[in-house]
Amino acid sequence: MNAIPILPNYINGHWCASNTTEYLEVFNPATAELLAQVPLSTVSELNQAAEAAAAAFITWRRTPPTERVQYLFKLKNLLEEHFQDLARTITQECGKTLAESQGEMRRAIENVEVACGIPMMMQGTNSEDIAKGIDEMMIRQPLGVAAVICPFNFPGMIPFWFLPYAIACGNTYIVKPSEKVPLTMQKIFQLLEKTGLPKGVVNLVNGAKEVVDAILEHPKIRAISFVGSTPVAKYIYSRGAANGKRVQCQGGAKNPIIVLPDADIEMTTRIAADSAFGCAGQRCLAASIAVTVGEARHIFTEAIAETAKKRVVGNGLDQGVEMGPVITTQSKARIEELIQKGADEGANLLVDGRNPNIANYKNGNFIRPTILQNVEPAGEIARTEIFGPVLSLIHLDSIDDAIALVNSGQYGNMACLFTSSGAAARKFRYEAQAGNIGINIGVAAPMAFFPFSGWKESFFGDLHGQSNHAVEFFTQTKVIVERWPSQWSRQF
């Protein structure tokens with residue numbers, strides 16, 4: 001029998017076992033197989049990583065950006081070379097299908113490619129003769145040490161919303177993976193090591209809340225990125241900002257999709273199902289409410305119910321599987337309790353995915369696609385982030401009513417409209433209060449060369465991940481005003 005690996009940290013260019021006596025077990029959510037033990041690292045180990053990163057920053061910031069991005073070019077090639085292995089690892093520890101894991105890694109690689117443009121993206125501005133003989137310029141300089149606190153649902157992609165931009169801009173970095181899915185980042189750091197990055201530029205510290213709090217407190221950590229639930233986002237944002245750090249926190253969501261009578265119902269149904277049930281609903285851009293308008297009600301309701309019933313659920317590594325398990329038994333129990341809460345509030349359980357029998361995987365954390373019909377718009381279930389494969393159906397009379405529902409929610413991560421009307425689409429994208437808008441798109445996930453937006457309680461901060469927002473987040477501007485009088489230099 002193979003020994004269960006105990007995962008190390010990566011600090012100052014070295015793999016090192018944690019000094020902790022506390023560990024968590026990492027399970028495959030489809031099979032309940034024990035994959036590894038992850039250490040709950042100590043504050044002192046986080047401090048070691050921060051000090052190593054601070055020391056490395058002195059030299060790294062002076063490395064020309066054209067040289068810094070050479071390590072990213074190497075990383076891109078290594079990620080391509082190990083693409084399939086990384087995708088399989090994501091599926092094994094996170095549960096999503098292999099195709100979904102491959103899509104996740106493709107998005108990660110896109111961010112590395114975009115960050116390779118830092119020599120241009122990081123450029124400043126200048127103006128000559130703002131007054132006679134006086135010139136002014138603005139330059140961008142790195143902040144210092146930055147850190148990311150990662151969620152479980154995209155262990156390969158989300159760290160890359162931040163890491164490649166941070167180091168390309170001249171910062172040094174600390175990654176705190178989710179303790180639920182630490183294996184993917186172990187493999188990615190093995191690839192980072194192969195790039196030859198100088199010691200201390202990138203560091204990995206496993207752990208839980210104690211490590212998070214140490215990140216929030218350490219005086220040499222200048223910037224923090226986080227993706228997760230809104231309550232934790234509020235905690236990290238408020239505490240990090242109180243300690244003078246630059247903070248960006250992506251929170252939760254309750255994403256509505258609006259279906260107008262003129263929508264292509266066949267295509268809309270397919271897209272809506274992929275949005276609601278892809279990744280088992282465990283993504284911040286999953287559709288969680290479908291609002292039908294006017295005559296769209298009956299035809300869409302029938303179509304989405306049939307699609308949900310037919311979706312193939314199982315181990316994400318098995319051929320033909322369209323949806324995997326949720327992450328833990330605790331998540332499964334929570335989602336099933338919320339489904340019951342919806343029924344108790346008066347919703348009709350049109351498709352009930354609780355307690356499924358998945359052949360050969362009786363110990364997996366499976367829930368089949370679930371649809372709650374006639375959900376009360378003002379009820380708790382319509383406002384709560386379920387983070388599972390559950391779609392709530394609401395019917396309204398007009399697009400104005402639908403937009404009002406979108407704008408009444410506490411979250412503002414994504415809202416989508418399905419229609420063949422350009423006028424309706426323009427009205428929706430103009431008036432809907434969400435940071436990511438989809439028109440005939442079910443998952444409005446920005447490409448790496450656009451920032452990942454989010455409004456209201458879906459985001460806390462000013463600058464988002466990816467693209468030019470990431471460059472601005474990981475740099476500070478410095479304005480220089482120069483005058484060189486004739487007695488100091490040649491007069492032209």
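Two strands are said to pair when DSSP finds at least two bridges between them. With that in mind, this tour passes through a predicted model, beginning with its sheets and ending with its cysteines.

**First stop: a pair of strands.** Select residues 414-418, which form strand β18, together with β19; the two pair in the parallel sense over 4 bridges. Within this pair, select A415 and then I437, its bridge partner in β19. Strands of a sheet pair through backbone hydrogen bonds, either parallel or antiparallel.

**Second stop: the sheet around that pair.** Now extend the selection to the open sheet of 7 strands, whose order is β14-β15-β16-β13-β12-β18-β19. The pairing in this sheet is mixed. Which strands stand at the edges? They are β14, at residues 348-351, and β19, at residues 436-439. Each of these has a single partner strand, so one side of each is left without a neighbour in the sheet. If the view is turned to follow the strands across the sheet, the twist from one strand to the next averages 25°.

**Third stop: a helix on the sheet.** Select residues 329-344, which make up helix α12. This helix packs on the sheet and touches β14, β15 (370-373) and β16 (390-396). The direction of α12 makes about 20° with that of β15.

**Fourth stop: a sheet of 3 strands.** Move next to the open sheet with the order β5-β6-β22, in which the pairing is antiparallel. Its edge strands are β5, residues 125-131, and β22, residues 475-483, and each pairs on one side only. In this sheet the twist averages 25° from one strand to the next. Select β5 with β6 (residues 134-142): these strands run antiparallel and are joined by 4 bridges. To see one position in detail, display A131, which stands opposite I134 in β6.

**Last stop: the cysteines.** A disulfide is a covalent bond between the sulfur atoms of two cysteines. How many disulfides does a search of the whole structure find? The search finds 0. Select C16 to see why: the closest cysteine sulfur, in C150, is 18 Å from the sulfur of C16, too far for a bond. C150 is likewise in no disulfide, since the nearest cysteine sulfur, that of C249, is 12 Å away, whereas the cut-off for a disulfide is 2.5 Å.

Finally, show the surface around two of these residues. Is C16 buried or partly exposed? C16 is partly exposed, with a relative accessible area of 26%, while C150 is buried, at 9%.

How values were computed
Residues are numbered from 1 along each chain as its sequence is written. This is a predicted model: local features need pLDDT of at least 70, side-chain atom pairs count only at pLDDT 80 or more; totals for chains, interfaces and linings use all residues. Side-chain values use heavy atoms; hydrogens and water are left out. Buried means under 20% relative accessible area, exposed over 50%, partly exposed in between (1.4 Å probe, protein chains only). Axes are lines fitted to C-alpha atoms, for helices over the stretch in contact, and angles run from 0 to 180 degrees between N-to-C directions. Contact means heavy atoms within 4.5 Å.
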